[in-house]
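Open the model in your viewer with a cartoon representation, and keep the selection panel at hand. The tour goes from one helix to the sheet behind the later selections.

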Amino acid sequence: QIFWNPWNQSIAFSINEMTKAALLLIDVQNDFHGGGSLAVPGADADSLRIAEMIESNIDNITDIYVTLDSHHREHIAHAKSWNSKADGSGEYPAPFTQISHADVMSGKWFPTVRGNQQYCEDYTRALEAKGRFQLTIWPDHCIIGTPGNDVTERLQVAFDAWSKAHNNKPVKYVRKGQNDMTEMYSAIEAEVPLPSDPMTQTNFEFVADLKRAEKLIIGGQALSHCVNYTTRDLLRYWAPRDPADLILLLDGCSPVPGCDSSAQLFVDDMRAANVTMKLTSNAF
(Lines give C-alpha, C1' and ligand atoms only; values in the text may rest on other atoms or scores of the structure.)
Protein backbone atom coordinates (compact mmCIF):
# COMPACT_ATOMS: atom_id res chain seq x y z
CA GLN A 1 0.00 0.00 0.00
CA ILE A 2 1.27 3.43 -0.96
CA PHE A 3 -0.14 6.63 0.44
CA TRP A 4 0.67 10.30 0.07
CA ASN A 5 1.73 12.29 3.09
CA PRO A 6 -0.58 15.34 3.30
CA TRP A 7 2.23 17.34 4.96
CA ASN A 8 4.46 16.98 1.89
CA GLN A 9 2.94 15.51 -1.23
CA SER A 10 6.34 14.81 -2.80
CA ILE A 11 6.79 11.80 -0.51
CA ALA A 12 5.24 8.40 -1.05
CA PHE A 13 5.36 6.09 1.96
CA SER A 14 5.06 2.32 1.86
CA ILE A 15 3.67 0.86 5.08
CA ASN A 16 3.76 -2.87 4.51
CA GLU A 17 7.48 -3.73 4.42
CA MET A 18 10.13 -3.50 7.08
CA THR A 19 13.45 -2.13 5.88
CA LYS A 20 16.96 -2.70 7.20
CA ALA A 21 18.67 0.50 8.28
CA ALA A 22 17.42 4.00 7.50
CA LEU A 23 18.95 7.41 8.12
CA LEU A 24 17.04 10.37 9.56
CA LEU A 25 19.14 13.46 8.94
CA ILE A 26 17.77 16.61 10.46
CA ASP A 27 18.23 20.06 8.92
CA VAL A 28 21.59 19.37 7.23
CA GLN A 29 21.30 22.68 5.39
CA ASN A 30 23.76 25.38 4.39
CA ASP A 31 22.55 27.94 6.90
CA PHE A 32 23.53 25.62 9.78
CA HIS A 33 27.01 25.01 8.32
CA GLY A 34 30.09 27.17 7.99
CA GLY A 35 29.26 30.57 6.48
CA GLY A 36 25.54 30.15 7.11
CA SER A 37 23.37 32.65 8.93
CA LEU A 38 22.93 30.28 11.89
CA ALA A 39 26.10 28.24 11.59
CA VAL A 40 26.58 25.54 14.25
CA PRO A 41 30.24 25.01 15.19
CA GLY A 42 31.08 21.43 14.35
CA ALA A 43 28.39 21.02 11.69
CA ASP A 44 30.85 20.83 8.79
CA ALA A 45 32.81 18.04 10.45
CA ASP A 46 29.58 16.28 11.44
CA SER A 47 28.33 16.27 7.86
CA LEU A 48 31.67 15.11 6.50
CA ARG A 49 31.60 12.12 8.85
CA ILE A 50 27.99 11.33 7.94
CA ALA A 51 28.77 11.57 4.22
CA GLU A 52 31.72 9.20 4.59
CA MET A 53 29.53 6.84 6.62
CA ILE A 54 26.93 6.79 3.84
CA GLU A 55 29.51 6.14 1.16
CA SER A 56 31.08 3.33 3.17
CA ASN A 57 27.74 1.65 3.88
CA ILE A 58 25.71 2.33 0.73
CA ASP A 59 24.39 -1.22 0.47
CA ASN A 60 23.33 -1.28 4.14
CA ILE A 61 21.11 1.83 3.96
CA THR A 62 17.58 1.22 2.72
CA ASP A 63 16.16 4.74 3.02
CA ILE A 64 17.38 8.25 3.69
CA TYR A 65 15.02 10.84 5.18
CA VAL A 66 16.09 14.49 5.33
CA THR A 67 14.18 17.20 7.15
CA LEU A 68 14.44 20.75 5.85
CA ASP A 69 13.89 23.75 8.10
CA SER A 70 11.97 26.08 5.78
CA HIS A 71 10.93 29.59 6.72
CA HIS A 72 9.74 32.94 5.42
CA ARG A 73 11.40 36.12 6.68
CA GLU A 74 8.14 37.00 8.44
CA HIS A 75 8.29 33.96 10.72
CA ILE A 76 7.29 34.54 14.34
CA ALA A 77 10.82 33.64 15.48
CA HIS A 78 12.47 36.19 13.15
CA ALA A 79 13.15 39.80 14.09
CA LYS A 80 10.91 41.28 11.39
CA SER A 81 7.85 40.03 13.26
CA TRP A 82 8.52 42.10 16.42
CA ASN A 83 9.11 45.73 17.36
CA SER A 84 9.73 47.60 20.58
CA LYS A 85 6.94 50.10 19.78
CA ALA A 86 3.32 49.41 18.94
CA ASP A 87 3.42 51.69 15.87
CA GLY A 88 6.45 49.88 14.45
CA SER A 89 8.76 52.88 14.80
CA GLY A 90 11.02 51.25 17.39
CA GLU A 91 13.74 48.62 17.23
CA TYR A 92 13.58 45.07 16.02
CA PRO A 93 14.85 42.52 18.54
CA ALA A 94 18.44 41.42 18.17
CA PRO A 95 19.21 37.82 17.24
CA PHE A 96 18.94 35.43 20.19
CA THR A 97 16.61 37.76 22.10
CA GLN A 98 14.11 35.81 24.17
CA ILE A 99 10.57 37.17 24.22
CA SER A 100 8.52 35.93 27.15
CA HIS A 101 4.77 35.92 27.57
CA ALA A 102 5.30 38.60 30.23
CA ASP A 103 7.20 40.73 27.68
CA VAL A 104 4.26 40.58 25.28
CA MET A 105 1.73 41.37 28.00
CA SER A 106 3.74 44.29 29.38
CA GLY A 107 4.38 45.91 26.01
CA LYS A 108 8.12 45.32 25.95
CA TRP A 109 7.64 43.75 22.53
CA PHE A 110 4.80 44.11 20.04
CA PRO A 111 3.98 42.02 16.96
CA THR A 112 4.61 44.15 13.89
CA VAL A 113 1.26 43.03 12.52
CA ARG A 114 -0.92 44.67 15.14
CA GLY A 115 -3.84 42.37 14.42
CA ASN A 116 -1.72 39.51 15.80
CA GLN A 117 -1.56 40.93 19.34
CA GLN A 118 -4.08 38.52 20.89
CA TYR A 119 -2.62 35.58 18.99
CA CYS A 120 0.90 36.39 20.19
CA GLU A 121 -0.32 36.67 23.78
CA ASP A 122 -1.98 33.27 23.48
CA TYR A 123 0.94 31.73 21.59
CA THR A 124 3.65 32.74 24.04
CA ARG A 125 1.48 31.54 26.92
CA ALA A 126 0.96 28.14 25.26
CA LEU A 127 4.63 27.87 24.30
CA GLU A 128 5.82 28.44 27.87
CA ALA A 129 3.15 26.13 29.28
CA LYS A 130 4.67 23.31 27.24
CA GLY A 131 7.84 23.72 29.29
CA ARG A 132 10.44 23.61 26.52
CA PHE A 133 11.07 27.20 25.47
CA GLN A 134 10.40 30.84 25.58
CA LEU A 135 10.14 32.39 22.12
CA THR A 136 13.67 32.91 20.78
CA ILE A 137 14.46 35.31 17.94
CA TRP A 138 16.86 33.62 15.54
CA PRO A 139 18.85 35.15 12.70
CA ASP A 140 16.83 34.79 9.51
CA HIS A 141 17.70 31.29 8.33
CA CYS A 142 16.72 28.58 5.86
CA ILE A 143 14.60 31.06 3.92
CA ILE A 144 12.61 29.27 1.22
CA GLY A 145 14.16 29.90 -2.19
CA THR A 146 17.62 30.84 -0.92
CA PRO A 147 20.85 28.80 -0.95
CA GLY A 148 20.72 28.64 2.85
CA ASN A 149 17.73 26.32 2.55
CA ASP A 150 19.68 23.79 0.47
CA VAL A 151 21.36 20.63 1.73
CA THR A 152 25.07 21.14 2.29
CA GLU A 153 27.10 20.12 -0.77
CA ARG A 154 29.20 17.34 0.77
CA LEU A 155 26.10 15.47 1.89
CA GLN A 156 24.38 16.02 -1.45
CA VAL A 157 27.30 14.22 -3.13
CA ALA A 158 26.79 11.28 -0.75
CA PHE A 159 23.02 11.31 -1.33
CA ASP A 160 23.55 11.19 -5.10
CA ALA A 161 25.94 8.24 -4.76
CA TRP A 162 23.45 6.38 -2.55
CA SER A 163 20.57 7.06 -4.93
CA LYS A 164 22.57 5.84 -7.93
CA ALA A 165 23.54 2.65 -6.09
CA HIS A 166 19.86 1.98 -5.33
CA ASN A 167 18.52 2.27 -8.87
CA ASN A 168 17.92 6.03 -8.55
CA LYS A 169 15.83 5.66 -5.42
CA PRO A 170 15.00 9.16 -4.11
CA VAL A 171 15.98 10.64 -0.81
CA LYS A 172 12.78 11.50 1.07
CA TYR A 173 12.56 15.17 2.09
CA VAL A 174 10.21 16.54 4.75
CA ARG A 175 9.87 20.29 5.19
CA LYS A 176 9.06 21.92 8.51
CA GLY A 177 8.55 25.48 9.69
CA GLN A 178 6.66 26.97 6.75
CA ASN A 179 3.83 28.28 8.92
CA ASP A 180 4.87 31.73 10.12
CA MET A 181 2.74 31.59 13.25
CA THR A 182 4.39 28.74 15.17
CA GLU A 183 7.84 27.27 15.76
CA MET A 184 8.70 23.78 14.60
CA TYR A 185 11.95 22.49 16.08
CA SER A 186 10.61 18.95 15.80
CA ALA A 187 9.93 17.40 12.40
CA ILE A 188 7.08 15.45 14.00
CA GLU A 189 4.89 18.34 15.16
CA ALA A 190 5.01 22.07 15.87
CA GLU A 191 5.70 23.43 19.34
CA VAL A 192 2.18 24.85 19.33
CA PRO A 193 0.14 22.95 16.71
CA LEU A 194 -2.48 25.03 14.93
CA PRO A 195 -5.94 23.46 14.40
CA SER A 196 -6.22 25.28 11.07
CA ASP A 197 -2.99 23.86 9.61
CA PRO A 198 -2.40 20.08 9.34
CA MET A 199 1.28 20.74 8.55
CA THR A 200 1.78 21.82 12.17
CA GLN A 201 0.02 18.82 13.68
CA THR A 202 1.48 15.40 14.49
CA ASN A 203 2.74 13.80 11.28
CA PHE A 204 1.66 10.24 12.01
CA GLU A 205 2.33 9.10 8.42
CA PHE A 206 5.95 10.16 8.71
CA VAL A 207 6.28 8.40 12.07
CA ALA A 208 4.76 5.22 10.62
CA ASP A 209 7.22 5.22 7.75
CA LEU A 210 10.20 5.76 10.05
CA LYS A 211 9.02 2.84 12.17
CA ARG A 212 9.46 0.50 9.20
CA ALA A 213 13.21 0.65 9.68
CA GLU A 214 14.76 -2.11 11.76
CA LYS A 215 17.36 0.46 12.79
CA LEU A 216 16.88 4.23 12.47
CA ILE A 217 20.11 6.21 12.59
CA ILE A 218 19.72 9.88 13.56
CA GLY A 219 22.04 12.84 12.99
CA GLY A 220 22.05 16.45 11.83
CA GLN A 221 21.64 19.86 13.41
CA ALA A 222 21.41 20.97 16.02
CA LEU A 223 21.86 18.55 18.90
CA SER A 224 20.43 21.10 21.34
CA HIS A 225 17.32 21.88 19.31
CA CYS A 226 15.93 20.15 16.22
CA VAL A 227 17.72 16.81 16.69
CA ASN A 228 16.75 16.97 20.34
CA TYR A 229 13.04 17.61 19.91
CA THR A 230 12.52 15.52 16.77
CA THR A 231 14.00 12.53 18.59
CA ARG A 232 12.03 13.19 21.77
CA ASP A 233 8.78 13.42 19.80
CA LEU A 234 9.59 10.33 17.75
CA LEU A 235 10.30 8.40 20.93
CA ARG A 236 6.84 9.30 22.25
CA TYR A 237 5.30 7.44 19.31
CA TRP A 238 7.92 4.68 18.94
CA ALA A 239 6.11 2.04 21.07
CA PRO A 240 5.82 -0.89 20.81
CA ARG A 241 9.20 -0.71 19.08
CA ASP A 242 12.33 -0.98 21.23
CA PRO A 243 13.98 2.43 21.84
CA ALA A 244 17.32 0.69 21.27
CA ASP A 245 16.39 0.55 17.57
CA LEU A 246 16.89 4.32 17.50
CA ILE A 247 20.58 5.15 17.06
CA LEU A 248 21.89 8.64 17.82
CA LEU A 249 25.16 9.58 16.11
CA LEU A 250 27.16 11.32 18.81
CA ASP A 251 29.68 12.59 16.27
CA GLY A 252 26.98 13.49 13.75
CA CYS A 253 25.37 16.46 15.48
CA SER A 254 26.50 19.50 17.50
CA PRO A 255 24.79 22.05 19.78
CA VAL A 256 24.00 25.69 19.15
CA PRO A 257 26.61 27.78 21.02
CA GLY A 258 25.53 28.44 24.59
CA CYS A 259 23.12 25.50 24.57
CA ASP A 260 25.51 22.75 25.62
CA SER A 261 23.51 21.99 28.77
CA SER A 262 20.34 21.39 26.73
CA ALA A 263 22.28 19.07 24.43
CA GLN A 264 23.77 17.14 27.32
CA LEU A 265 20.39 16.80 29.04
CA PHE A 266 18.98 15.40 25.79
CA VAL A 267 21.79 12.85 25.47
CA ASP A 268 21.41 11.86 29.13
CA ASP A 269 17.63 11.46 28.74
CA MET A 270 18.04 9.34 25.62
CA ARG A 271 20.56 7.08 27.35
CA ALA A 272 18.09 6.64 30.21
CA ALA A 273 15.38 5.77 27.67
CA ASN A 274 17.65 3.07 26.15
CA VAL A 275 18.26 4.87 22.85
CA THR A 276 21.49 3.53 21.33
CA MET A 277 24.50 5.85 21.12
CA LYS A 278 27.06 5.27 18.39
CA LEU A 279 29.70 7.00 16.31
CA THR A 280 29.61 7.24 12.52
CA SER A 281 32.53 4.81 12.41
CA ASN A 282 30.57 1.98 14.06
CA ALA A 283 26.94 2.78 13.30
CA PHE A 284 26.53 -0.39 11.18
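On the other side of helix 4 from its buried residues, are Glu-153 and Lys-164 buried or exposed? The model is a predicted one. Select helix 4, residues 153-165. Glu-153 and Lys-164 are exposed.

Next, show the side chains of Leu-155, Ala-158, Phe-159, Trp-162 and Ser-163, the buried residues of helix 4. They lie on the same side of helix 4, because the arc they cover around the axis is only 135 degrees. Add strand 3, helix 1 (43-56), strand 4 and strand 9 to the view: the buried residues of helix 4 pack against these elements.

Now check the length of helix 4. Its 13 residues reach 19 Å from the first C-alpha to the last, close to the 18 Å expected at 1.5 Å a residue. Step just past the end of helix 4 to Asn-167, where phi is positive, at about 60 degrees.

Move to the sheet. It is open, has 6 strands in the order 9-4-3-10-11-12, and pairs them in parallel. Select strand 9 (172-176) and strand 12 (276-278): each has a single partner strand and stands at an edge, so one side of each has no neighbour in the sheet. From one strand to the next, the twist averages 25 degrees.

For the pairing of strand 9, select strand 4 (residues 61-69); 5 bridges join these parallel strands. Label Val-66 and its bridge partner in strand 9, Tyr-173.

Finally, select helix 6 (residues 226-236), which packs on the sheet and touches strand 3 (19-26), strand 9, strand 10 (213-220) and strand 11 (246-249). The direction of helix 6 makes about 155 degrees with that of strand 10.

Technical notes
Residues numbered from 1 in each chain as written. Predicted model: local features only at pLDDT ≥ 70, side-chain atom pairs only at ≥ 80, totals over all residues. Heavy atoms only, no water. Pairing = 2+ DSSP bridges. Helix = DSSP H or I, 4+ residues; strand = E, 2+ residues; numbered from the N terminus. Axes fitted to C-alpha atoms, helices over the stretch in contact; angles between N-to-C directions. Contact = heavy atoms within 4.5 Å. Expected span 1.5 Å × (residues − 1). Buried < 20%, exposed > 50% of the residue type's maximum accessible area, 1.4 Å probe, protein only. Arc of directions from axis to C-beta.
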